[in-house]
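Here's a quick walk through one protein model. Have the structure open as you read, and look up each residue as it comes up.

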Amino acid sequence: MVSTLMWVLAGLVAYTLLAMALKARGVVPDFIRFSGPITTIHTQRGKIILDKLARPKRFWRAWGNLGVGIALVVMVGSFLLVIFGAYQAIVNPQPSALNEPRNALAIPGVNDFLPLSVAPEILLGLLLGLVVHEGGHGLFCRVENIDIESMGLALIAVIPVGAFVEPDEDELLRSDRGSQIRMYAAGVTNNFALSLVALLLLFGPIAGSLAVVDGVPVGDSLPGSAAEQAGIDSGDVITAIDGQSVSNSQELQTVLAENDRRSVDVSLKDGSTTTVERAPMVVGAVQSAPLDVGTTITAVNDTEVYTRGDLDRAARNHTVATLRTEDGKTVTTPLGAYGRVTAGSPLEAAGAPANASIVVTSLGGQRTPSASALGKALSQTSPGDEVTVVGYVDGQRQEYTVRLAERDGVDSGVLTSSFRAGISGFEVNDFGIDQYPAATFLEFIGGDPENPNTERGFSFVQRVFAILILPFIGVAGGFGYNFAGFTGIATNFYTVQGPLAALGTTPVFLLANALFWTGWINLVIGQFNCVPTFPLDGGHILRATTESVVSRLPVPDRRRATTAVTVAVTVSMIAGLLLMVFGPRFFA
């Protein structure tokens, strides 16, 4: 099957051939120019408007000086980020969707993190960003009395990807360095300003009008789980179990834990009801665990188990047990808290082999069938206490007398660094849904899932950082889901309240998406253009600032020194960007 990227590349080749043919026949007017698949549209219109806007020159120069300071800080940060990213790509290559070459393209549908469903909002944010960016350059040309030869729009085929202002080169070279730097910094300054306005509106009145619906939002059903077999699917919202209402995940877990019935009736937000036949399925496991992910446990020592509670009770009663799985296979294993003996830990000091895995079945005579049970037993101890630990190392029963250590921030005794949640290195779930983090995402963008009129937890700077990573937070932050705005299944998990409720959910969601993507893409445009390399604004600012510094140094050939610095930084940045994109797969 041909990928979307291949279709795009084929379309660009076809467009280029067609454009060349039309240009050769003289059909295309002079103000439209082609360079491969890149199309530029040139115009002289708008210069009169820029002249009028540029009249309060003292104000604009103050604004420009502020922008120069911001641009220089972001340039330094961008330089360090690229260098660090390139270094990591070499010494610790980790191929992922983040460094797929197609995901370097900001094209919805091609980029895995830019869904087609929000393409109009992304395009709107991009167009606004291009207008204010190039408008800033044009405005500051007139503020600094630099003539404009032409300005216009750049497209890849028919998709707008940039705008441009062509200053008169002679007048630009005659202007002082301060004027040049202010002009080059004006674009990114405007991008950051537009992003700030969009995010303030999003974090304030828009997010304040949104709330998470009552119930448990289902991101997906685990493959082969009881929920999947019952037809519970991505986008559903669970509102009740056996008639008992549940408004969040914690209430769902409490109701299921208190309910030992194998079959439960599940009510969904759309009014439908389905019956779930619960079964303890392994949903997480270490490599050496006795059971693999996806395995369903049916019996412990010939006692049938249907729920997580059944399994926990059986584990408490058997230090070593035979587990039977749904496919009829059996495995005999100790049941306890799985961990590793870290070097220098109290367990190693007591004689346990370093770096070996251990299943702790009792501590101080108290049965520990799981990691949570071991944690509860340790909470009753103090650093320096001497306890007897019974466990299994490489399948062999061992007994150690351990003097518990202390750790900063922990009042109880410490046995070793950490233990894996669950039983013997595997975790089970008898229901089988993966919850969508709707409340957390709403908090990130300024809303409070409990009270939309109050602000919790995160500062404005933290929220801005969250906006940057939300489109790919499922990969970068371990959330399991990316947040592309209020689109797709996310529209099932939120509601509108307050004064904006009269508009309905769809208009408010569209406005929220427009602000979200406008803020996001203008942050990206501003930061990327600050990378100190040509032909980006950061490269021009680098050259002008380098000239300013070098002019004060006692060197014989200042022009050559300036060129050496700018070329070295530019080549470093280009190499770094290429390594960030292609390095993880090349060096892995």
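The notes below go from the whole chain down to single residues.

## The big picture

First things first: this is a predicted model. The protein runs to 588 residues, and buried ones make up 44% of them. On the secondary-structure side, you get 17 helices and 26 strands.

Lined up on the principal axes, the C-alpha atoms fill a box of roughly 90 × 65 × 50 Å. The accessible surface comes to about 28,900 Å², with 58% of that belonging to carbon and sulfur atoms. As for how the chain meets itself, take the contacts with a separation of 6 or more: 64% of them are between residues 24 or more positions apart.

## Helix 6

Helix 6 covers residues 177-206, so to speak a run of 30 residues, and spans 42 Å from its first C-alpha to its last, close to the 44 Å expected at 1.5 Å a residue. Where does helix 6 bend? The spot is Ala186, and the bend there is about 40 degrees.

At the N-terminal end, Asp176 acts as the cap, with a side-chain oxygen 3.0 Å from the backbone nitrogen of Gly178. Helix 6 is also mostly covered, with 21 of its 30 residues buried.

## Two cysteines, no bridge

How many disulfides does a search of the whole structure find? The count is 0. Cys141 is in no disulfide, and the nearest cysteine sulfur, on Cys530, is 17 Å away. The view from Cys530 matches: no disulfide there, and the nearest cysteine sulfur is that of Cys141, 17 Å off. A disulfide needs the two sulfur atoms within 2.5 Å, so a 17 Å gap rules this pair out.

Are these cysteines buried or exposed? Cys141 counts as buried because its relative accessibility is 0%. Cys530 is buried too, with a relative accessible area of 1%.

## Loops with a positive phi

Most residues other than glycine have a negative phi. Two residues here are worth a look on that score. Asn301 has a phi near 50 degrees, a positive value in a residue other than glycine. You'll find Asn301 in the loop between strand 12 (297-300) and strand 13 (303-304). With a relative accessible area of 29%, Asn301 is partly exposed.

Ser424 is the other one, with a positive phi near 55 degrees, again in a residue other than glycine. Its loop joins strand 23 (419-420) and strand 24 (426-429). Ser424 counts as buried because its relative accessibility is 3%, and the cut-off for buried is under 20%.

## Two more stops

Ser412 sits in strand 22, residues 410-414. At 16% relative accessibility, Ser412 counts as buried. Which residues does Ser412 contact, leaving aside neighbours within four places in sequence? The list is Leu378, Ser379, Thr381, Ser382, Pro383 and Ala405.

Phe472 is in the loop between helix 13 (460-469) and helix 14 (473-476). Its relative accessible area is 22%, so Phe472 counts as partly exposed. Measuring C-alpha to C-alpha, Phe472 and Met151 are 35 Å apart in space, and 321 residues separate them in sequence.

Terms used:
Residues numbered from 1 in each chain as written. Predicted model: local features only at pLDDT ≥ 70, side-chain atom pairs only at ≥ 80, totals over all residues. Heavy atoms only, no water. Buried < 20%, exposed > 50% of the residue type's maximum accessible area, 1.4 Å probe, protein only. Helix = DSSP H or I, 4+ residues; strand = E, 2+ residues; numbered from the N terminus. Expected span 1.5 Å × (residues − 1). Bend = angle between axes of the 7 residues up to and from the residue. Polar contact = N/O pair within 3.5 Å; in protein donor to acceptor, adjacent residues only side chain to side chain. Contact = heavy atoms within 4.5 Å. Areas by Shrake-Rupley, 256 points an atom, 1.4 Å probe, with all protein chains shown as cover.
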